[in-house]
Amino acid sequence: MDSLPEELFIQIILRVIGTRDQVKGRSRLLEVSPAWKRAIEGCYMFWTEAIVHGGPEPLQEVLSHNPLGPLDVRLRITLPKVADEETLAQLAFVSEHSSRWRSLSIEGLLTDNVIAHFKNPTPKLKSICIIAYLGAFNPTRSLEFDQMGNFSRLHLTSIDMDWNSPRLCGLRVLRLHFLNREQTPSLEQLAACLRASPELRVLVLKDLTGSEASPVAEPKEIAFQFLSLTTIYVCSIPADILEFIILSLKAPNCNLLSFSSLNVSMARLTDMILHLKSLLHRHIFFRNTFTLRYIEISSSISFLDSDRLLPPSHLIQDWDPGEGPGISVGFRPAPNLYPGEELHRFLNDCYPLLCDVLADLLVPQDAFQVTLLLDHQQREGYHVNDLTGLHPSTFPLHLLNHLPFITRIATNRWFNWSAILDYLSKPQKNPATGEESWPCPNLQVVEFEKEPEYIPPSEMEEMHRVLDGFVEARSATTALQSVKFPNEGADCVRIWDRGQGWSVVSEMVAPGSL
């Protein structure tokens, strides 16, 4: 530090420790040397994190080191607790300094006596994150700020606000999670907010039930281009908002594109499929390796960049999706659809449409490697979240005729692959042309994982018979290069390689030594 100007030293350290968890960062740095301790204790920028109730350092100490600078206020009320008298007293204390708030993060069971302290932020406020938990204490469901400030980040979970406010503008990051019908903005309200934020870079919309307001305009009438967007994550949102987003998303710099858990009926709309095709065409060159994932227990299908799998849904609120490029598009049946002819009709009609779109984009590119991942097969007596009785086996075999781009098939908890391999073992008639052709003609690799559940010997014998027939049929006339599947009763695998035939290899052997 002796060779650096103190101002430059401070800026370097601040870049390292950031504005969150400053206490831990300071505690380590204060012990380095007296010079470091003097610089850190004398600089207010190391004392901006004001944690209300539960912080390791009293608010008074933070404010004594930072009497005039910006404050990043944090409040977290852990379920099933509500704010006690001590918390409310600290809230009142920190509210006296609201003119200095730079960011505001509130999480927990929020009641009116808590929200009352956060209604008067000033124009210095740049970021708001409110995650409201619902419970039996009549929590606050709506939030209004008397002054919105010139803030750039807004994150709301399970809480409403005045979407008609003209002060809601200039956003760079917008995240809306788990909003019910009363809380979800209408299409017109959301469009007005986004139009007032031309520099928006990150848009995350997850589990929005749908607005109670009657639609005034069609999505195509109010769509406009998001020119600055770099990241979009959309999951389980109303159809009109989804269509608006897809029509508007022409951002040339968008490097992470995710449309997940979309209602499968959306895929039946010709206009939506065409817009989706145009959207993917502009973004599909980020990687040359992709995965088409079919999860049978939920009858869902998704196409995604295999190098950037998205996090579990319960982590999305803490996930920063701007770290790198990626693509994800996924459909699933609507929750109110019951098993039977209606469900199978949706799967039989919609998923081939999606795959035909992917085929138009992927087949001309010989360099692409695409895996079909068969995940969590529905099986009698096998229970996952009590879904056994709700979802019968749903994988439509004729979907394989729409997958010419598949180069690899892999499984995860898929217990019996006889039906799929039997279908792939013979040419199938194309219903459009009447001609016969191999399903998945570019298939090169088949890899089946070993499943922990018991499989009866008679069933395993049938699987082996079908597997041998598949290899014999495909090896002579198609691109098949390798097949790998677990050998029963031992920690080894059976492998077939073109030109070498069958062999049995221990799973302990390193792949590179074969």
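These exercises work through a predicted model of one protein chain.

**Exercise 1. The chain as a whole**

Task: How many helices and strands does the protein chain hold, and what percentage of its residues are buried?

Solution.
- Step 1. Count the elements. The protein chain has 13 helices and 22 strands.
- Step 2. Check burial. Of the 514 residues, 50% are buried.
- Step 3. Check the surface. The accessible surface is about 24,600 Å². Carbon and sulfur atoms account for 51% of that area.
- Step 4. Check the reach of the contacts. Take contacts between residues at least 6 apart in sequence; 68% of these join residues at least 24 apart.

**Exercise 2. Helix α7 against helix α9**

Task: Decide whether α7 and α9 are roughly parallel or oblique, and say which residues meet.

Solution.
- Step 1. Recall what describes a packed pair. Two packed helices are described by the angle between their axes and by the distance between those axes.
- Step 2. Locate the helices. Helix α7 covers residues 187-195, and helix α9 covers residues 239-248.
- Step 3. Read off the geometry. Their axes come within 10 Å and cross at roughly 30 degrees.
- Step 4. Apply the cut-off. Angles under 35 degrees count as roughly parallel, so α7 and α9 are roughly parallel to each other.
- Step 5. Add the hand. The crossing of α7 and α9 is right-handed.
- Step 6. List the partners. From α7 come Leu187, Leu190, Ala191 and Leu194. They meet Asp240, Ile241 and Phe244 of α9.
- Step 7. Sort the residues by class. The contact of α7 with α9 has 6 nonpolar residues, no polar ones and 1 charged residue.

**Exercise 3. Helix α9 against helix α10**

Task: Find the angle between α9 and α10, then give the hand of their crossing.

Solution.
- Step 1. Read off the geometry. The axes of α9 and α10 are 9 Å apart, at an angle of about 40 degrees.
- Step 2. Name the arrangement. That angle makes α9 oblique to α10.
- Step 3. Add the hand. The crossing of α9 and α10 is left-handed.
- Step 4. List the partners. Glu243, Ile246 and Leu247 of α9 meet Met272, His275, Leu276 and Leu279 of α10.
- Step 5. Sort the residues by class. The contact of α9 with α10 has 5 nonpolar residues, 1 polar and 1 charged.

**Exercise 4. What covers α9**

Task: How many residues of α9 are buried, and what covers them?

Solution.
- Step 1. Count. In α9, 7 of 10 residues are buried, so the helix is mostly covered.
- Step 2. Name them. They are Ile241, Leu242, Phe244, Ile245, Ile246, Leu247 and Ser248.
- Step 3. Find the cover. It includes the helices α7, α8 (219-222) and α10 (270-283). It also includes the strands β9 (202-208), β10 (231-235) and β11 (256-263).
- Step 4. Link back. Ile241 and Phe244 are on the buried list and also meet α7. Ile246 and Leu247 are on that list too, and they meet α10.

**Exercise 5. Positive phi outside glycine**

Task: Where do Ser158 and Phe178 lie, and is each buried or partly exposed?

Solution.
- Step 1. Take Ser158. Its phi is near 60 degrees, a positive value in a residue other than glycine.
- Step 2. Place Ser158. It lies in the loop between β6 (153-157) and β7 (160-161).
- Step 3. Classify Ser158. Its relative accessible area is 12%, so Ser158 is buried.
- Step 4. Take Phe178. Its phi is near 50 degrees, again positive and again not in a glycine.
- Step 5. Place Phe178. It is in strand β8 (residues 173-179).
- Step 6. Classify Phe178. Its relative accessible area is 38%, so Phe178 is partly exposed.

**Exercise 6. Three loop residues**

Task: Classify Ala116, Thr230 and Phe395 as buried or partly exposed, and look at what surrounds them.

Solution.
- Step 1. Set the cut-off. Buried means under 20% relative accessible area.
- Step 2. Ala116 lies in the loop between α6 (112-115) and β4 (127-132). At 48% relative accessibility, Ala116 is partly exposed. Ala116 and Ser95 are 21 residues apart in sequence and 9.8 Å apart in space, C-alpha to C-alpha.
- Step 3. Thr230 is in the loop between α8 and β10. At 14% relative accessibility, Thr230 is buried. Beyond residues up to four places away in sequence, Thr230 touches Arg201, Asn253, Cys254, Asn255 and Leu256.
- Step 4. Phe395 sits in the loop between β15 (369-375) and β16 (408-412). At 12% relative accessibility, Phe395 is buried. Leaving aside neighbours within four places in sequence, its contacts are Tyr294, Glu296, Leu374, Leu400, Trp414 and Ile420.
- Step 5. Phe395 and Ile295 are 100 residues apart in sequence, but 8.8 Å apart in space, C-alpha to C-alpha.

Technical notes: Residues are numbered from 1 along each chain as its sequence is written. This is a predicted model: local features need pLDDT of at least 70, side-chain atom pairs count only at pLDDT 80 or more; totals for chains, interfaces and linings use all residues. Side-chain values use heavy atoms; hydrogens and water are left out. Helices (H or I, at least four residues) and strands (E, at least two) are DSSP runs, numbered from the N terminus. Buried means under 20% relative accessible area, exposed over 50%, partly exposed in between (1.4 Å probe, protein chains only). Contact means heavy atoms within 4.5 Å. Accessible areas come from the Shrake-Rupley method with a 1.4 Å probe; for residues, only the protein chains shown count as cover. Axes are lines fitted to C-alpha atoms, for helices over the stretch in contact, and angles run from 0 to 180 degrees between N-to-C directions. Angles under 35 degrees count as roughly parallel, over 145 as roughly antiparallel, 65 to 115 as roughly perpendicular and the rest as oblique. A crossing is left-handed if the near helix is turned anticlockwise from the far one by less than a right angle, and right-handed if clockwise. Ala, Val, Leu, Ile, Met, Phe, Trp, Tyr, Cys and Pro count as nonpolar, Asp, Glu, Lys and Arg as charged, and the others, Gly among them, as polar.
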